[in-house]
Every structure is written in C-alpha cells, then in structure tokens.
Amino acid sequence: MINTNAFDYINVLDKAADASWLRNAAIGNNISNVDTPGYKREDVAFESELKKALGRSRDTSNMDQRVAAIKTSQLKPRTYTDLVGYSYRLDGNNVDIETENVMLVENQIKYQGLLDSITQEFLNLQMVMK
C-alpha cells in the first residue's frame, strides 16, 4: 500500500458534505413542523467539530499538516435540538419559517460549493497523474 496524504482534503470535504446533507434534512424537518405545537427546531453541529479537530494539530502554521492530522472517523456531524427553552409563540414551537428558508438556501449554496471543491480536488489528482 502506498502511504499518501493525497486524499486528506477530499476526506474532510466529504465529511463536510455529509454534514451539509444532514443539515438540509434537519431544516426540511423544521419547515415541515412549523405548525406543530411544541416542536423545537433541530440543527447540525459540524463546523465547531471541524474547528476543534483542526486546532488539535501541533503544527498550526501549515494547513496541509493540520488537515492530515484529522482523524475523519472521529469527525461526525451531530444533530441537536436548538433553543430548547425558547419560543416566541404561545404553542411552544420555536421554528421561524423565514429564518429556516434563509438557512435552507445558505446550506444549499454551501453544499454545492463543497461538491465543487471535491470535484476540483479530483481534477487536480487527475491532472497530476497525466
């Protein structure tokens, strides 16, 4: 087996795309339950986990080394209930449809950017192999 770090960025981008996909499902669930009494919105924590993983590297000056040090098996998006004790409605629901729609569009743009980045990484590898 060849020991290479060629796929480090691709692996991290893949985990980020998975988190974005999971967030899209959570936002869709929030939108679906906008009129459900007592429903609390859900979100996905990934960016903070990635930041922690990048911060664990001893070499803070080199991003390649920081990404190579990430154990992607431990980099998992986590779904959580957001603002559990907060509701601006009498029925206890804390979903704001306008905010959810903005977050949905933002997440879709982020997901498309991640897919474009993954594609570019594979194109770079393909170019190197020629």
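Start by selecting glutamate 49 and lysine 52 in helix H2 of this predicted model: because these two residues are 3 apart in the helix, about one helical turn separates them. An α-helix has 3.6 residues a turn, so residues three or four places apart point the same way. With the side chains displayed, you will find that glutamate 49 and lysine 52 meet in a salt bridge, at 3.7 Å from N to O. Lysine 52 is partly exposed, its relative accessible area being 47%.

Salt bridges that share partners also join Arg23, Asp43, Glu47 and Lys110 into one network, and the structure as a whole holds 7 salt bridges.

Next, select arginine 41 and glutamate 100, which form a salt bridge whose closest N and O atoms are 2.6 Å apart. This pair links distant parts of the chain, since arginine 41 sits in the loop between H1 and E1 while glutamate 100 belongs to helix H4, 59 residues apart. Are these two residues buried or exposed? Both arginine 41 and glutamate 100 are buried.

From there, move to glutamate 47 and lysine 110, another salt bridge, in which the closest N and O atoms are 3.0 Å apart. Glutamate 47 lies in helix H2 and lysine 110 in helix H4, so this pair ties together parts that are 63 residues apart in sequence. Glutamate 47 counts as partly exposed, at 36% relative accessibility, and lysine 110 is partly exposed as well, with a relative accessible area of 33%.

Now colour the whole of helix H4, residues 97-129, which has 33 residues and reaches 48 Å from its first C-alpha to its last, close to the 48 Å expected at 1.5 Å a residue. Which residues of H4 are buried? They are Glu100, Asn107, Leu114, Ile118 and Leu125, and what covers them includes helix H1, residues 8-32.

Add helix H1 to the selection: H1 has 25 residues and spans 36 Å between its first and last C-alpha, close to the 36 Å expected at 1.5 Å a residue. The buried residues of H1 include Ile10, Leu13, Ala16, Ser20, Arg23 and Ile27, and the cover over the buried residues of H1 includes E1, helix H2, H3 and H4.

Within helix H1, centre the view on serine 20, which is buried, with a relative accessible area of 2%. Leaving aside its neighbours within four places in sequence, serine 20 is in contact with Asn107, Tyr111 and Leu114.

Turn then to strand E1, where glutamate 42 lies. Glutamate 42 is partly exposed, at a relative accessible area of 25%, and, apart from its neighbours within four places in sequence, it is in contact with Ala26, Asn29, Asn30, Thr79, Tyr80, Thr81 and Asp82. If you also select asparagine 94, 52 residues away along the chain, its C-alpha atom is separated from that of glutamate 42 by 9.9 Å.

For a stop at the surface, select Leu83, Tyr86 and Tyr88, which make a nonpolar surface patch of about 320 Å². Leucine 83 has its place in the loop between strand E2 and helix H4, and leucine 83 is partly exposed, with a relative accessible area of 45%.

Finally, colour the model by confidence. The protein averages a pLDDT of 86, and 92% of the residues score at least 70. Where is confidence lowest, and where is it highest? It is lowest in helix H3, residues 63-68, at a mean of 75, and highest in strand E1, residues 42-45, at 94.

Definitions and conventions
Residues are numbered from 1 along each chain as its sequence is written. This is a predicted model: local features need pLDDT of at least 70, side-chain atom pairs count only at pLDDT 80 or more; totals for chains, interfaces and linings use all residues. Side-chain values use heavy atoms; hydrogens and water are left out. pLDDT is the predictor's confidence in each residue, from 0 to 100. Helices (H or I, at least four residues) and strands (E, at least two) are DSSP runs, numbered from the N terminus. Buried means under 20% relative accessible area, exposed over 50%, partly exposed in between (1.4 Å probe, protein chains only). Contact means heavy atoms within 4.5 Å. Patches are made of residues with over 30% relative accessible area and no salt bridge: like charges are joined within 9 Å, nonpolar side chains (Val, Leu, Ile, Met, Phe, Trp, Tyr) within 5 Å. Accessible areas come from the Shrake-Rupley method with a 1.4 Å probe; for residues, only the protein chains shown count as cover. A salt bridge is a side-chain nitrogen of Lys or Arg within 4 Å of a carboxyl oxygen of Asp or Glu. The expected span of a helix is 1.5 Å times one less than its number of residues.
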